[in-house]
Amino acid sequence: MYPFVLGLHNILRWLVLLSAVYTLVLLIPGLGGRRVWGRRERVAASSFTGLMYLQLLVGLALYIGVSPYMQGILDNFGAALKNSETRFFAVTHIGGMLLAVLFAHLGNVLYRRRETDQGRYRTATLFFSLSLLCVLALIPWWRPQLRL
């Protein structure tokens, strides 16, 4: 089961990145205040946020029970914190990705509360950009990129 879940987590990483870039490409031109927030923007924002939620669930499955690597870390957490790679997965990666999901969630919720299209574009662009920055900063780029 572990190889399947890890492979799914890896594939979702690329879908999250593509979705984030696509969403921001749609939103950034709207910052000028002359574009109407429409169905395309709403679907892109919801899709990005939904993919972030799905990635979080798969990541938590790896963290909590499926990954033998994480089980070893959690069994001896104190020792794991002394090693930079195991500390990255035990604390930094999961903490930062939770923050990324939070930013995506806030962006998706708060843009809906804005009364103007320009406000929607500004809010969504800000929070989705923060989410993408967290994701980019905390992907373990040194690991295989297409692990299948």
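Let's start with S19, which sits in helix α1, residues 2-27. Before I go on, please keep in mind that this is a predicted model. Is S19 buried or exposed? Its relative accessibility is 11%, so S19 counts as buried, since the cut-off for that word is under 20%. What does S19 touch, once we leave aside its neighbours within four places in sequence? The contacts are A44, S47, F48 and L51.

Now stay on the same helix and look at V16, which also has its place in α1. V16 has a relative accessible area of 4%, and it is therefore buried. With the neighbours within four places in sequence left out again, V16 is in contact with F48, L51, M52 and Q55. Please hold on to F48, because you have now heard it in the contacts of S19 and in those of V16. For those of you who like a distance to check, V16 and V5 are 11 residues apart in sequence, and their C-alpha atoms are 16 Å apart in space.

So let's follow F48 into its own helix. F48 is in helix α2, and that helix covers residues 39-66. How does α2 pack with helix α6, residues 117-138? The angle is about 30°, and the axes are 12 Å apart. Angles under 35 degrees count as roughly parallel, and α2 and α6 are therefore roughly parallel to each other. The crossing of α2 past α6 is left-handed.

Which residues make that contact? On the α2 side we have E41, A45, F48, T49 and M52, and on the α6 side Y121, F128, S131 and V135. Sorted by class, that contact has six nonpolar residues, two polar ones and one charged one.

On to the aromatic rings. The structure holds nine aromatic pairs, and I'll show you two of them. The F48 and F128 rings are 5.3 Å apart, centre to centre, with 75° between the planes, which is an edge-to-face pair. This pair links distant parts of the chain: F48 belongs to α2 and F128 to α6, with their positions 80 residues apart. Are these two buried or exposed? Both F48 and F128 are buried.

The second pair is F103 with F127. Here the ring centres are 6.4 Å apart and the planes stand at 45°, so this pair is tilted. It too links distant parts of the chain, with F103 in helix α5, residues 84-113, and F127 in helix α6, 24 residues apart. Both F103 and F127 are buried.

While we're on rings, there is also an aromatic cluster to find on screen. Which residues form it? The members are Y69, F88, F89 and W142.

Last stop: let's go back to α2 and look at its packing with helix α3, residues 68-75. The angle there is about 60°, and the axes lie 7 Å apart. That makes α2 oblique to α3. From α2, the contact uses L62, Y63, I64, G65 and V66, and from α3 it uses P68, M70, Q71 and L74. By class, the contact of α2 with α3 has seven nonpolar residues, two polar ones and no charged ones.

To put the two packings of α2 side by side: α2 is roughly parallel to α6, and oblique to α3. Thanks, everyone, and I'm happy to take questions.

Notes
Residues numbered from 1 in each chain as written. Predicted model: local features only at pLDDT ≥ 70, side-chain atom pairs only at ≥ 80, totals over all residues. Heavy atoms only, no water. Axes fitted to C-alpha atoms, helices over the stretch in contact; angles between N-to-C directions. Helix = DSSP H or I, 4+ residues; strand = E, 2+ residues; numbered from the N terminus. Parallel < 35°, antiparallel > 145°, perpendicular 65-115°, else oblique. Left-handed = near helix turned anticlockwise from the far one by under 90°. Contact = heavy atoms within 4.5 Å. Nonpolar A, V, L, I, M, F, W, Y, C, P; charged D, E, K, R; others polar. Phe/Tyr/Trp six-rings, centres within 6.5 Å; stacked < 30°, edge-to-face > 60°. Buried < 20%, exposed > 50% of the residue type's maximum accessible area, 1.4 Å probe, protein only.
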